[in-house]
Each structure stands twice: as C-alpha cells, then as structure tokens.
Amino acid sequence: AASGCAVAYGPNDKCVGMSWNEIHKYYDAVTIAGDLLHQKLIDASNSGSGVFTYPYNGTKKRAWVAQFKHEGERYYVVADYLTADMGPTCLNSDGTNGCPSDMH
C-alpha cells in the first residue's frame with residue numbers, strides 16, 4: 001500500500017495502522033529507517049517477489065516479500081526472521097567436531 005501503514009501485523013494487532021517507523025519505535029528497534037524499509041519492500045514486491053537482508057538490533061533479519069492486488073489496490077505481504085551466522089552445525093552426538101575437513 002502506498003501509505004506504508006500496516007493493514008495486518010501478525011505478532012501484534014496493536015501495530016495495525018502504524019507505519020514501519022512507528023512499528024520500529026513501538027518495539028524500540030535499532031534498524032534501518034522505516035521509510036527505507038518500506039521502499040525496499042515495494043521495490044522487491046514490484047518485481048513479483050524478493051528476498052533481502054537488513055540490520056535489526058545488532059543482528060540481521062531476512063525478509064521475503066510478494067505483491068498482490070485487492071480491489072484495484074496493490075499491497076505487499078512480508079515474512080521476516082532473524083538470521084545469525086551460526087557456522088557449520090555438524091557436531092557429533094558426543095560434542096566432537098564431525099564436519100568434513102573442508103568446513104573447519
């Protein structure tokens with residue numbers, strides 16, 4: 001939607017009607033500016049769908065976005081999640097490193 005106001009917000013219905021800037025302020029989030037996030041979501045959704053990563057509270061979030069139309073209006077839907085560079089996860093059950101030698 002052109003306004004950038006949430007028409008639905010899964011984690012907290014109090015955020016419905018808020019802009020991304022207002023949502024970030026509500027959660028005291030340290031992240032990119034809400035208007036920049038909104039533009040990235042629009043840009044990614046205009047190409048059909050897309051994935052991008054952005055900083056969030058000292059870590060990163062990865063967002064998937066797609067566009068749809070309803071009654072002539074364009075909207076995007078986004079699903080995002082925190083990411084972390086966890087490194088290889090190939091420990092043996094006894095806690096020893098079971099990674100192939102090229103992953104050390």
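## The nonpolar core

In this predicted model, the largest nonpolar core has 17 residues. Who has the most neighbours inside that core? Trp 20, Ile 23, Leu 37, Leu 41, Phe 52 and Tyr 54 touch the most other members. Four elements each chip in with at least two core residues: the helices α1 (20–26) and α2 (34–46), plus the strands β1 (49–56) and β2 (59–70).

Take Leu 41 as an example. If you skip its neighbours within four places in sequence, Leu 41 is in contact with Trp 20, Phe 52, Val 65, Tyr 76 and Val 78.

## The sheet and the helix on it

Next up is the sheet. Strands of a sheet pair through backbone hydrogen bonds, and they can do that in a parallel or an antiparallel way. Here you'll find an open sheet of 3 strands in the order β1-β2-β3, and the pairing is antiparallel. Which strands are at the edges? β1 and β3 (73–83) are the edge strands, each pairing on one side only. From one strand to the next, the twist averages 30 degrees.

Now zoom in on β1 and β2, which pair in the antiparallel sense over 8 bridges. One to look for involves Val 51, whose bridge partner in β2 is Trp 64. Helix α2 packs on the sheet and touches β1, β2 and β3. The direction of α2 makes about 160 degrees with that of β1.

## Aromatic rings

To describe a pair of aromatic rings, you give the distance of the centres and the angle of the planes. The whole structure holds 5 aromatic pairs. One of them is Tyr 9 with Tyr 27: the ring centres are 6.5 Å apart and the planes are at 40 degrees, so this pair counts as tilted. It's a link between distant parts of the chain, since Tyr 9 lies in the segment before α1 while Tyr 27 lies in the loop between α1 and α2, 18 residues apart.

Tyr 27 also pairs with Tyr 26, with ring centres 5.1 Å apart and planes at 85 degrees, so that pair is edge-to-face. Are these two tyrosines buried or partly exposed? Tyr 27 has 32% relative accessibility, so it counts as partly exposed. Tyr 26, at 38%, counts as partly exposed too. Step back a little, and ring pairs link Tyr 9, Trp 20, Tyr 26 and Tyr 27 into a cluster. Trp 20 is also one of the core residues you met at the start.

## A charge over a ring

One last thing to spot is at Tyr 56. The charged end of Lys 61 sits over the ring of Tyr 56, 4.1 Å from the ring's centre.

Methods
Residues are numbered from 1 along each chain as its sequence is written. This is a predicted model: local features need pLDDT of at least 70, side-chain atom pairs count only at pLDDT 80 or more; totals for chains, interfaces and linings use all residues. Side-chain values use heavy atoms; hydrogens and water are left out. A nonpolar core is a set of buried Ala, Val, Leu, Ile, Met, Phe, Trp, Tyr and Cys residues joined through side-chain atoms within 4.5 Å. Buried means under 20% relative accessible area, exposed over 50%, partly exposed in between (1.4 Å probe, protein chains only). Contact means heavy atoms within 4.5 Å. Rings of Phe, Tyr and Trp (its six-membered ring) pair if their centres lie within 6.5 Å; planes under 30 degrees apart count as stacked, over 60 as edge-to-face and the rest as tilted. A charge sits over a ring if NZ of Lys or CZ of Arg is within 6 Å of the ring centre and within 35 degrees of the ring normal. Two strands pair if DSSP finds at least two bridges between them. Axes are lines fitted to C-alpha atoms, for helices over the stretch in contact, and angles run from 0 to 180 degrees between N-to-C directions.
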